Number of protein chains: 2
Amino acid sequence: MLERERHSLILKLVEERSIVSVGDLLDLLGASEATIRRDINTLAERGEVKRIRGGAEAVRPRHQPHLVGMPFSLSQDISVPQKRAIARVAAELITPGESIIINGGTTTFALVEFLADHDLDILTNSFPIAAKLLATSRNRITLPGGTIFREQNIVLSPFDNDTIDNFWGNKLFTGCYGLNRFGIMEADPLIVQAQTKLLKRTEDVIVMADSSKLRQKSAMIVTGLERISTIVTDDGAKPEELEVFKAAGIKVIVASVSQDDELQKLA
Amino acid sequence: MLERERHSLILKLVEERSIVSVGDLLDLLGASEATIRRDINTLAERGEVKRIRGGAEAVRPRHQPHLVGMPFSLSQDISVPQKRAIARVAAELITPGESIIINGGTTTFALVEFLADHDLDILTNSFPIAAKLLATSRNRITLPGGTIFREQNIVLSPFDNDTIDNFWGNKLFTGCYGLNRFGIMEADPLIVQAQTKLLKRTEDVIVMADSSKLRQKSAMIVTGLERISTIVTDDGAKPEELEVFKAAGIKVIVASVSQDDELQKLA
DNA sequence: CACGAATCGATCATATACAATCAGATGCGA
DNA sequence: TCGCATCTGATTGTATATGATCGATTCGTG
């Protein structure tokens with residue numbers, strides 16, 4: 001991974017979480033501690049992050065809105081191969097002509113690529129997903145009303161009366177911050193709210209979670225396991241990690257990253 | 001593989017991923033490291049990519065993502081100079097901090113360019129306008145819920161309960177198909193419906209109509225002159241054409257196209 | 001205040017990327 | 001076909017980045 005890539009990734013994470021530890025970055029960047037420290041120091045010198053003991057902090061206070069890049073390009077993102085592999089498999093769960101709901105997120109954004117040829121009714125709260133769908137597919141796209149939150153890139157209405165309530169999806173595709181025996185966990189209250197709204201508009205909940213999510217915890221439980229019907233993850237997941245989901249009656253699909261790589265090269 | 005081919009491939013990849021390493025290109029181009037470096041350096045000299053250690057980066061700043069599949073661009077549009085002149089003048093009607101509504105259309109799309117530095121609450125039913133605002137300004141953006149109609153590029157809900165009803169704009173900016181003594185005329189029933197919804201959410205209606213619209217008629221009257229407070233047109237309009245509006249108590253502003261051209265060149 | 005643990009900065013050996021150079025390959029016009 | 005110009009790939013020495021190590025500092029805890 002290039003220095004510049006690490007820097008972007010660090011900045012992205014700092015923006016997202018407003019604070020990151022060296023330890024977090026260790027796994028995510030696959031670089032040594034020394035390098036990560038150097039990266040953080042460099043970024044701190046440039047004033048792009050604030051150096052704090054144990055990690056880095058956002059320069060900007062969290063509440064202050066700022067212009068953030070839409071994830072139009074997956075490359076700025078982490079776990080890209082995993083997410084693509086998951087997306088490819090998840091897309092196979094879709095029947096032509098049905099209506100689906102796609103919750104915003106980088107994992108679900110990867111799904112769009114595989115929806116080009118479908119003829120679907122799609123509701124999504126993600127502006128970038130809608131934009132890409134609009135540009136690359138012929139599906140019918142519906143947006144909920146609301147304000148565009150730049151940080152999360154989702155459309156969310158502060159009000160009750162929402163177009164969303166007139167939509168019914170056969171399936172909901174969603175990512176998550178963490179996924180474990182408690183269910184779907186998120187770290188951002190805004191995302192919780194958005195996701196909760198969507199959960200009411202479908203029966204079939206499909207969670208797309210790369211294997212790192214299975215070890216991730218947070219404070220907010222969006223919904224318990226009983227609400228989830230299918231989980232799509234990648235082969236980085238240990239079998240014992242998946243047991244709890246299977247025991248809860250959830251269909252678990254494991255996507256092979258290496259196999260997806262080959263398919264990708266063919267295309 | 002020809003030099004040109006490599007260059008375009010590199011540009012394509014950089015565009016897609018926003019960062020590529022020499023190593024990546026090594027496999028993809030099947031050329032030697034030296035050649036790839038030379039290619040990158042050449043492209044960097046031309047300003048087409050940014051040279052970074054280990055590879056190349058997109059010139060576009062990370063925080064200004066490009067707009068994928070912008071369904072229409074001003075360049076494909078007619079009366080561009082007129083529309084830009086009108087937009088520049090219309091933008092001056094806006095007070096910092098206020099909340100405005102922008103109806104979809106190519107004329108109002110031109111307005112976005114002049115809204116970059118404002119700090120506004122903006123509701124728009126136009127997907128492209130929202131996308132461009134999101135990418136180039138810091139304004140707060142709200143979308144009505146609904147389906148995206150590709151032809152008109154607007155978001156319109158077939159239902160009654162709409163986020164739109166919780167919004168109130170100090171001003172509504174709208175284009176039109178035709179503008180005459182009957183009021184605002186449109187040719188597309190869908191646009192009529194969208195516009196009608198917006199009209200209910202404001203008092204102050206500002207119509208942006210290049211002079212060709214003053215001679216255009218259609219079958220559907222969206223609203224009469226009594227609802228319009230201001231008309232912004234260009235200096236292609238004959239004074240006698242504007243009399244009827246002034247007589248109705250409407251403020252008429254005429255934008256000078258040639259003067260706008262000069263301002264544009266300065267920028 | 002004292003202790004251990006975590007974090008940090010500095011240092012150094014190694015790995016990687018770089019520009020410069022040159023020889024061979026390729027394309028092009030005479 | 002020859003000769004020239006250009007492009008390409010390999011090589012080399014240099015600059016830079018990286019990761020491991022280690023002592024110093026800071027932090028949390030008792």
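A salt bridge is taken here as a side-chain nitrogen of Lys or Arg within 4 Å of a carboxyl oxygen of Asp or Glu. The tour begins with a pair of this kind, in a model that is predicted.

**Stop 1: helix 3 of chain A**

Select Glu33(A) and Arg37(A), whose side chains meet in a salt bridge with an N to O distance of 2.2 Å. Both residues belong to helix 3 of chain A and are four residues apart, about one turn of the helix. Glu33(A) is partly exposed, at 40% relative accessibility. Arg37(A) is also partly exposed, with a relative accessible area of 32%.

Remain on helix 3 (residues 33-45) and add Asp39(A), together with Arg6(A) in helix 1 (residues 3-17) of chain A. A salt bridge joins these two side chains, at 2.5 Å from N to O. The partners are 33 residues apart, and the pair links distant parts of the chain. Asp39(A) has a relative accessible area of 2% and therefore counts as buried, the limit being under 20%. Arg6(A), at 11%, is buried as well.

**Stop 2: Phe173(A)**

Next, select Phe173(A), which lies in strand 9 (residues 169-174) of chain A. Is this residue buried or exposed? Phe173(A) is buried, and its relative accessible area is 0%.

Display the surroundings of Phe173(A). Leaving aside residues up to four places away in sequence, the side of the list that falls between positions 90 and 111 holds Ala90(A), Ile94(A), Ile100(A), Ile101(A), Ile102(A), Asn103(A), Thr108(A) and Leu111(A), and the contacts of Phe173(A) also include Ile206(A) and Met208(A). For a distance to draw in the viewer, take the C-alpha atoms of Phe173(A) and Ala87(A): they are separated by 9.9 Å, although the residues are 86 apart along the chain.

**Stop 3: a salt bridge within chain B**

Move to chain B and select Arg17(B) and Asp24(B), whose side chains form a salt bridge at 3.2 Å, N to O. Arg17(B) is partly exposed at 27% relative accessibility, and Asp24(B) is partly exposed at 31%. Over all chains, the whole structure contains 22 salt bridges.

**Stop 4: the interface of the two chains**

Now show both chains together. The contact involves 47 residues of chain B and 45 residues of chain A. About 3,700 Å² is buried between the chains, with carbon and sulfur atoms giving 59% of that area.

How many salt bridges are counted between chain B and chain A? The count is one. To find it, select Glu57(B) and Arg4(A), whose closest N and O atoms are 3.1 Å apart. Adding Lys50(B) to the selection completes a network of salt bridges that links Arg4(A), Lys50(B) and Glu57(B). Across the same interface, 13 residue pairs are in polar contact.

Colour the chain B side by element. Those giving two or more residues to it include helix 1 (3-17), strand 2 (49-52), strand 3 (55-58) and helix 6 (127-136) of chain B. Helix 6 of chain B provides the largest share, six residues. By residue type, this side divides into 18 nonpolar, 18 polar and 11 charged residues.

**Stop 5: strands across the interface**

Finish at strand 6 (residues 140-143) of chain A and strand 7 of chain B, which run antiparallel and are joined by two bridges. Select Thr142(A) to see the residue opposite, Thr147(B), in strand 7 of chain B.

Key:
Residues are numbered from 1 along each chain as its sequence is written. Chains are lettered from A and ligands numbered from 1 in the order in which they are written. This is a predicted model: local features need pLDDT of at least 70, side-chain atom pairs count only at pLDDT 80 or more; totals for chains, interfaces and linings use all residues. Side-chain values use heavy atoms; hydrogens and water are left out. Contact means heavy atoms within 4.5 Å. Buried area is the accessible area (1.4 Å probe) that two parts lose on being put together, summed over both. A polar contact is a pair of N or O atoms within 3.5 Å; within protein, one must be able to donate a hydrogen and the other to accept it, and residues adjacent in sequence count only if both atoms are side-chain atoms. Ala, Val, Leu, Ile, Met, Phe, Trp, Tyr, Cys and Pro count as nonpolar, Asp, Glu, Lys and Arg as charged, and the others, Gly among them, as polar. Two strands pair if DSSP finds at least two bridges between them. Buried means under 20% relative accessible area, exposed over 50%, partly exposed in between (1.4 Å probe, protein chains only).
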